[in-house]
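Visitor: I am new to this structure and would be grateful for a close look at a single part. Please take me through the place where the protein meets the DNA, and then through the elements around it.

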2 protein chains.
Amino acid sequence: MAKIVDNLWSPTTDPAPSDHRTIADRVSQQLVDAIVSGDLPQGSKISEPEVARRLGTSRGPLREAIRRLEGLRLVQRQAHVGARVITLSHRELDEVYSVREALEGMAARLAAQHMSEEEVAELGELLARHELMIEQDHDYVQAAGDYDFHYRIIRGSGNRWLIELLTGELYHLIRMYRLTATRSAPRPERALADHRRIADAIAERDGELAEMLMRRHISAARQRIAQRMPEESP
Amino acid sequence: MAKIVDNLWSPTTDPAPSDHRTIADRVSQQLVDAIVSGDLPQGSKISEPEVARRLGTSRGPLREAIRRLEGLRLVQRQAHVGARVITLSHRELDEVYSVREALEGMAARLAAQHMSEEEVAELGELLARHELMIEQDHDYVQAAGDYDFHYRIIRGSGNRWLIELLTGELYHLIRMYRLTATRSAPRPERALADHRRIADAIAERDGELAEMLMRRHISAARQRIAQRMPEESP
DNA sequence: TGCAGGCCTATTGTTGACAAAATAGCCTTG
DNA sequence: CAAGGCTATTTTGTCAACAATAGGCCTGCA
């Protein structure tokens, strides 16, 4: 299930379909996965010879992949020195969440306007399934369900650039944080209640309400993170 | 002046300071400039041998530069076929403006909270200079002044990721459009009045009002574009 | 005459070698 | 003993040649 959701959430890094994958594309995806999974920790240097050897390729495609990640803002480069995985300070993580709040709020509003009746019905069914799964509070299932819910609303906005930003760099950054920080997910019942209200607002085509509820939902997550981050490390 | 503003607005594509520029960095910037200036039109194919020759380098650095632009979403690639400059349909341009409206509105709200008194004063001085320049309605001066105003507010938000998104890919896309489409700038007096109201709201630390005014300001620009785009080309 | 199949050329993908720059360690000197 | 410079090594930047794929072209057959 996690795999499915990961694929759903990585459309911008997915290469062309079938076997039209080039080595640089594969390496690019592997690097994203490595960074997000914590295999390449924040701030770690990416040694071209070593990583190329570990990934079984030469430096050419690796360098192209690094340049792609640079465009996605997952790594920072310095000429003649090398590339390092970006480091997110707590303050910057908070800033990312602020941007996400604004954009996903917008997505919820647009989704209320543009989602088809069928998509709205599917959203309701998804929540019903989550409700059934809630007793077996498997952490990962909860997280996957959370992604799935947000992803559907983002897609429902119908705004291509909004979708690309939210499922692209912003999502990778948040995904990266999830591994390094302690779990700060809300109690599943609370998250589900939030989701239910948002879905109801969308079903009633009340964009303003949907936006407000979504912003609150994400803002709460941001505040939970801030609470659990008392120590400040510049 | 145009040069100054362009530099101000391209922090993410600026390479390391001084002569620590690598060829791939230079080529990357040249490609962005070529796309934005219309030298490489929307949808045009980027032939690696030809472009490499024209830019006086080999294919290696060029390919890295293309991969960087791919991350910035300025080009789209297809394996074994090549890279093409992205084409913005009118609908997509409208979507970009919608995202910009949300993010710059957020920037105005944050700027009202975070800008120092000195920065607020400078913003006022900037507008005073624009007011003086308004009789000599040099189109380019107006456009540069517009950029300068928006740029200062974006920077004033203090949110690094907001700044990167707005001055990075979103800005390049809008810049790209400006060249291909007919000028749809508002009358300078109207733009200046809008700017003045926004600056006043920021000076009074009224974030909500600043956000609302900024959103309206950008929304008006979006509607002007939509009006002048009756023909639909998929 | 139309279509199908295979060849052919041009372009992209990849590799390894070479050049240049930066860092680290060592030696010298005050 | 510390500080500064020099050298050596490692790493990054660049290039040109080689391999592989795609799309067009030509021919042959129905």
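Guide: In this predicted model, a polar side-chain atom of Thr22(B) is placed 2.7 Å from a phosphate oxygen of DNA strand D. Chain A also reaches the phosphates of this strand: an N or O atom in the side chain of Lys45(A) is 2.8 Å from a phosphate oxygen, and for Glu48(A) a backbone N or O atom lies 3.3 Å from a phosphate oxygen of DNA strand D. Both chains thus share in the surface near DNA strand D, where the elements giving two or more residues are β1 (45-46), α3 (48-54) and α4 (59-71) of chain A, together with α2 (23-36) of chain B.

In total, 21 residues surround DNA strand D, and the closest are Lys45(A), Arg59(A), Arg63(A), Thr22(B) and Ile23(B). Of the atoms of this strand that come within 4 Å of the protein, 78% belong to sugar and phosphate. By class, the surface near DNA strand D comprises eight nonpolar, eight polar and five charged residues.

Some of these elements can be followed into the fold of chain A. There, three strands form an open sheet in the order β1-β3-β2, with antiparallel pairing. Its edge strands are β1 and β2 (75-78) of chain A, each of which pairs on one side only. Four bridges join β2(A) to strand β3 (residues 82-85) of chain A in the antiparallel sense, and Arg77(A) stands opposite Ala83(A) in β3(A). Across β1, β2 and β3 of chain A lies α4(A), which runs at about 115° to β2(A).

The other strand of the DNA may now be considered. DNA strand C is surrounded by 22 residues, the closest being Thr22(A), Ile23(A), Ser58(A), Arg59(B) and Arg63(B). Sugar or phosphate accounts for 76% of the atoms of DNA strand C within 4 Å of the protein, and bases for the rest. One contact with a base is made by Arg59(B), which has a polar side-chain atom 2.7 Å from a base nitrogen of DNA strand C. Phosphate oxygens of DNA strand C are approached by Arg63(B), with a side-chain N or O atom at 2.6 Å, and by Lys45(B), with a polar side-chain atom at 2.8 Å. The elements that give two or more residues to the surface near DNA strand C are α2 (23-36) and α4 of chain A, together with β1 (45-46), α3 (48-55) and α4 (59-71) of chain B. This surface has eight nonpolar, nine polar and five charged residues.

Lys45(B) also leads into the sheet of chain B, for Lys45(B) stands opposite Arg84(B) in β3(B). In this open sheet, three strands follow the order β1-β3-β2 with antiparallel pairing. Two bridges link β1(B) and strand β3 (residues 82-85) of chain B in the antiparallel sense. The helix α4(B) packs on the sheet and touches β1, β2 and β3 of chain B, its direction making about 115° with that of β2(B).

Finally, the two protein chains meet each other as well as the DNA. In this interface, 38 residues of chain B are in contact with 38 residues of chain A. The area buried between chain B and chain A is about 3500 Å², of which carbon and sulfur atoms give 54%. On the side of chain B, Arg67(B), Arg73(B) and Trp161(B) lose the most area to chain A, together 23% of what that side buries.

Technical notes. Residues are numbered from 1 along each chain as its sequence is written. Chains are lettered from A and ligands numbered from 1 in the order in which they are written. This is a predicted model: local features need pLDDT of at least 70, side-chain atom pairs count only at pLDDT 80 or more; totals for chains, interfaces and linings use all residues. Side-chain values use heavy atoms; hydrogens and water are left out. A residue is near a molecule or strand if one of its heavy atoms lies within 4 Å of it. A polar contact is a pair of N or O atoms within 3.5 Å; within protein, one must be able to donate a hydrogen and the other to accept it, and residues adjacent in sequence count only if both atoms are side-chain atoms. Ala, Val, Leu, Ile, Met, Phe, Trp, Tyr, Cys and Pro count as nonpolar, Asp, Glu, Lys and Arg as charged, and the others, Gly among them, as polar. Two strands pair if DSSP finds at least two bridges between them. Contact means heavy atoms within 4.5 Å. Axes are lines fitted to C-alpha atoms, for helices over the stretch in contact, and angles run from 0 to 180 degrees between N-to-C directions. Buried area is the accessible area (1.4 Å probe) that two parts lose on being put together, summed over both.
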